[in-house]
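Open the model in your viewer and keep the sequence panel visible. The stops below go from the whole chain to single side chains.

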Amino acid sequence: MKRRRFLQWAGGLTIAASSPLRAIAPSDDDPEDIFNRLKQSTELRFAVAGGNISVAIAGNASPLDKLRIEAWVRRGASAISAYFGRFSVENWGLLVTLNDGDHIGPATTWGHPSSITHINLGRNVSDSALRDDWVMVHEMTHLALPRVPQRSAWFMEGNATYVEPIARAQRGQLTPQEVWRWAVDDMPKGQPRDGDEGLDHTHTWGRTYWGGAMYWLLAEIAIYKSSGGRYRLQDALRAINRKSGGNTSFWSVEQTTFVGDAAVHGNALESLYRAQKDRPVTVDLTDVLQQLGISEVDGAIRFDDRAPLAGLRRSVTTLRAPT
Ligand SMILES: [Zn+2]
């Protein structure tokens with residue numbers, strides 16, 4: 001399945017990648033309205049790995065619809081709690097709007113007045129599409145970190161883009177080959193083009209999602225190297241999640257990188273941010289992939305365990321003990 005069909009922007013406007021601007025129905029576009037709706041009526045309520053989840057469903061859900069939605073949410077929560085060591089936030093409200101199609105998304109997540117997500121779901125969606133879905137885990141990743149100023153939307157979108165397939169792989173929902181294919185096929189879309197003024201000033205789709213994801217991949221490598229293999233980016237992100245409590249907090253990027261760096265006794269997050277925020281930085285992706293031991297041969301992703309960072313590559317998709 002081709003991933004990243006829809007893009008979610010923090011402002012609440014949602015854009016389909018290859019079609020004209022498309023706004024969500026007004027009543028589903030306001031987190032205050034969704035918050036109040038969830039207080040009045042909730043179709044599903046359950047706890048997962050330290051998080052309380054409330055789900056409202058718009059569009060006449062049948063008992064089967066409810067069962068399928070709960071299984072879908074639980075599968076996503078299982079992946080995200082593998083990565084963060086617990087569910088992203090203590091309390092999460094989800095509004096699912098059922099429609100007549102078979103698609104998942106678009107979706108939008110807010111952190112005010114509480115952690116809230118709205119997601120569209122076609123009631124004819126197949127079980128395999130729900131099982132293979134990335135949208136739910138992408139939104140759950142947004143819940144886990146504090147919100148940051150809009151100019152740095154790439155910081156959060158890149159994080160969700162980077163973490164989502166890794167979280168699913170750590171729970172065995174994706175193979176390592178599927179995870180790293182995204183680096184081979186999609187990450188080049190994040191390289192700066194002519195006229196780029198750095199990640200904080202160049203708000204294109206490629207730079208926001210894949211330029212952001214490259215930032216986090218470089219941070220992963222830098223943290224691993226500077227700690228002699230002791231720490232991973234995951235340790236920094238878990239610390240940011242615990243200290244902030246998730247996306248109900250609003251932090252500066254500097255505060256976020258400071259907390260993450262402190263947890264892994266380094267300065268990778270801050271120094272990469274400084275280097276990339278105001279300047280175009282082209283990443284030598286060929287070299288990065290070679291160091292990780294990742295290549296594509298005859299259309300298949302191949303791994304080389306003799307590569308200098310093969311140990312990091314293997315550990316990234318391996319379940320890490322809660323810290
Ligand atoms: Zn997003």
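Accessible areas are calculated by the Shrake-Rupley method with a 1.4 Å probe, and for residues only the protein chains shown count as cover. This is a predicted model, in which local features need pLDDT of at least 70 and side-chain atom pairs count only at pLDDT 80 or more, while totals for chains, interfaces and linings use all residues. Residues are numbered from 1 along each chain as its sequence is written, and side-chain values use heavy atoms, with hydrogens and water left out.

**Stop 1: the whole protein**

Show the surface. Its accessible area comes to about 13,700 Å², and 50% of this belongs to carbon and sulfur atoms. Of the 323 residues, 56% count as buried (buried means under 20% relative accessible area, exposed over 50%, partly exposed in between, with a 1.4 Å probe and protein chains only).

Switch to the cartoon. The protein has 12 helices and nine strands; helices (H or I, at least four residues) and strands (E, at least two) are DSSP runs, numbered from the N terminus. The radius of gyration is 19 Å, close to the 20 Å that the globule rule gives for 323 residues, so the protein is as compact as a globular protein of that length. This radius is taken over C-alpha atoms, and the globule rule is 2.2 Å times the number of residues to the power 0.38. Along its principal axes, the C-alpha trace spans about 55 × 40 × 40 Å.

**Stop 2: the zinc ion**

Select the zinc ion. Which residues are its protein donors? They are His138 (NE2), His142 (NE2) and Glu157 (OE), lying 2.0 to 2.1 Å from the ion. Donors are N, O and S atoms within 2.8 Å of the metal (3.2 Å for Na, K and Ca); water is not among the atoms, so sites may look incomplete. In sequence the donor residues follow the spacing H-x3-H-x14-E.

Now colour helix α4 (residues 135-144). Histidine 138 and histidine 142 both lie in this helix, four residues apart, about one turn. Both histidines are buried.

**Stop 3: salt bridges**

A salt bridge is a side-chain nitrogen of Lys or Arg within 4 Å of a carboxyl oxygen of Asp or Glu. The whole structure holds 16 of them.

Select aspartate 65 and arginine 123, whose closest N and O atoms are 3.9 Å apart in a salt bridge. Aspartate 65 is in helix α2 (residues 63-84) and arginine 123 is in the loop between β7 (116-122) and α3 (127-131), so the pair ties together parts 58 residues apart in sequence. Is aspartate 65 buried or exposed? Its relative accessibility is 12%, so aspartate 65 counts as buried. Arginine 123, at 28%, counts as partly exposed.

Add aspartate 100, which meets arginine 123 in a salt bridge of 3.8 Å, N to O. Aspartate 100 lies in the loop between β5 (91-99) and β6 (104-110), so this pair ties together parts 23 residues apart in sequence. Aspartate 100 counts as exposed, at 64% relative accessibility. Asp65, Asp100 and Arg123 are thus linked in a network of salt bridges.

Next, select arginine 68 and aspartate 127, a salt bridge with its closest N and O atoms 2.8 Å apart. Arginine 68 is in helix α2 and aspartate 127 in helix α3, 59 residues apart.

**Stop 4: lysine 277**

Finish at lysine 277, in helix α10 (residues 268-277). Leaving aside neighbours within four places in sequence, lysine 277 is in contact (heavy atoms within 4.5 Å) with Glu197, Gly198, Leu199, Asp200 and His201.
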